[in-house]
Amino acid sequence: MDSMTGSVLEIVVGVDAHVDTHDVAVLDACGRLLGTRTFPADAAGYSELLSWVQRFGAIVALGV
């Protein structure tokens with residue numbers, strides 16, 4: 001992050017993978033929870049997951 005104005009928020013994403021669904025949590029750089037959501041574990045769900053996560057900011061780390 002270069003400055004406090006006009007910068008993109010850096011986020012960390014955690015994915016708890018299951019057979020039929022994936023539970024996702026998005027955190028900011030200070031570890032504050034920004035959102036959680038569950039997605040289907042299929043091609044459409046993966047696309048929706050990525051679109052949803054990217055609304056929060058720039059992904060700097062993603063763990064499954």
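Select I11 first. In this predicted model, I11 touches V26, L27, L34, V53, F56, G57, A58, I59, V60 and A61, leaving out residues up to four places away in sequence. Keep I11 coloured, since several of these partners come up again.

**The whole chain**

Now zoom out and show the cartoon. The protein has 1 helix and 4 strands, and from the N terminus on the elements run β-β-β-α-β. Along the principal axes, the C-alpha atoms fill a box of roughly 40 × 20 × 15 Å. Of the 64 residues in the protein, 22% are buried. Of the contacts with a separation of 6 or more, 35% are between residues 24 or more positions apart.

**The nonpolar core**

Which residues make up the largest nonpolar core? Select I11, V13, V15, V24, V26, F39, L49, W52 and V53, which are its 9 residues. Strand β1 (10-17), strand β2 (21-28) and helix α1 each supply at least two residues of this core. A general tendency fits here: in soluble globular proteins, nonpolar side chains tend to be buried together.

**The helix**

Next select α1, residues 43-54. The helix has 12 residues, and from its first C-alpha to its last it reaches 17 Å, close to the 16 Å expected at 1.5 Å a residue. Colour its buried residues, which are G45, L49, W52 and V53. Where do the buried residues of α1 fall when seen down its axis? They fall within an arc of 95°, so they line one face of the helix. An α-helix has 3.6 residues a turn, so residues three or four places apart point the same way.

Turn the view to the other side of α1, where A43 and A44 are exposed. Then turn back and show the strands: what covers the buried residues of α1 includes β1, β2, β3 and β4 (58-63).

**The aromatic rings**

Hide the rest and show F39, W52 and F56 as sticks. The structure holds 2 aromatic pairs. In the pair of F39 and W52, the ring centres are 5.6 Å apart and the planes stand at 55°; that angle is not over 60 degrees, so the pair is tilted. This pair links distant parts of the chain, with F39 in strand β3 (residues 33-40), W52 in helix α1 and the two positions 13 residues apart. Both F39 and W52 are buried.

The other pair is W52 with F56, which is edge-to-face, with 5.0 Å centre to centre and 80° between the planes. Ring pairs thus link F39, W52 and F56 into a cluster.

Is W52 buried or exposed? W52 counts as buried because its relative accessibility is 7%, which is under 20%. F56, by contrast, is partly exposed, with a relative accessible area of 22%.

**H22 and its surroundings**

Move to H22, in strand β2. H22 is buried, with a relative accessible area of 12%. Draw a distance from its side chain to H18: a polar atom of the H22 side chain lies 3.4 Å from the backbone nitrogen of H18. Now show what is around H22. Leaving aside neighbours within four places in sequence, H22 is in contact with V15, D16, A17, R37, T38, F39, A41, Y46 and L49. Two of the residues in this list, F39 and L49, also belong to the largest nonpolar core.

**D28**

Stay on strand β2 and select D28. D28 is buried, with a relative accessible area of 7%. Which backbone atom does the side chain of D28 reach? The side chain reaches the backbone nitrogen of C30, at 2.9 Å. Apart from residues up to four places away in sequence, D28 touches L9, E10 and L34.

**L34**

Follow that last contact to L34, in strand β3. L34 counts as partly exposed, at 32% relative accessibility. Not counting residues up to four places away in sequence, L34 touches L9, I11, V26, L27, D28 and F56. For one more distance, select the C-alpha atoms of L34 and R55: they are separated by 11 Å, and the residues are 21 apart along the chain.

The contact list of L34 includes I11, where the tour started.

Key. Residues numbered from 1 in each chain as written. Predicted model: local features only at pLDDT ≥ 70, side-chain atom pairs only at ≥ 80, totals over all residues. Heavy atoms only, no water. Phe/Tyr/Trp six-rings, centres within 6.5 Å; stacked < 30°, edge-to-face > 60°. Buried < 20%, exposed > 50% of the residue type's maximum accessible area, 1.4 Å probe, protein only. Core = buried A, V, L, I, M, F, W, Y, C linked by side-chain atoms within 4.5 Å. Contact = heavy atoms within 4.5 Å. Polar contact = N/O pair within 3.5 Å; in protein donor to acceptor, adjacent residues only side chain to side chain. Expected span 1.5 Å × (residues − 1). Arc of directions from axis to C-beta.
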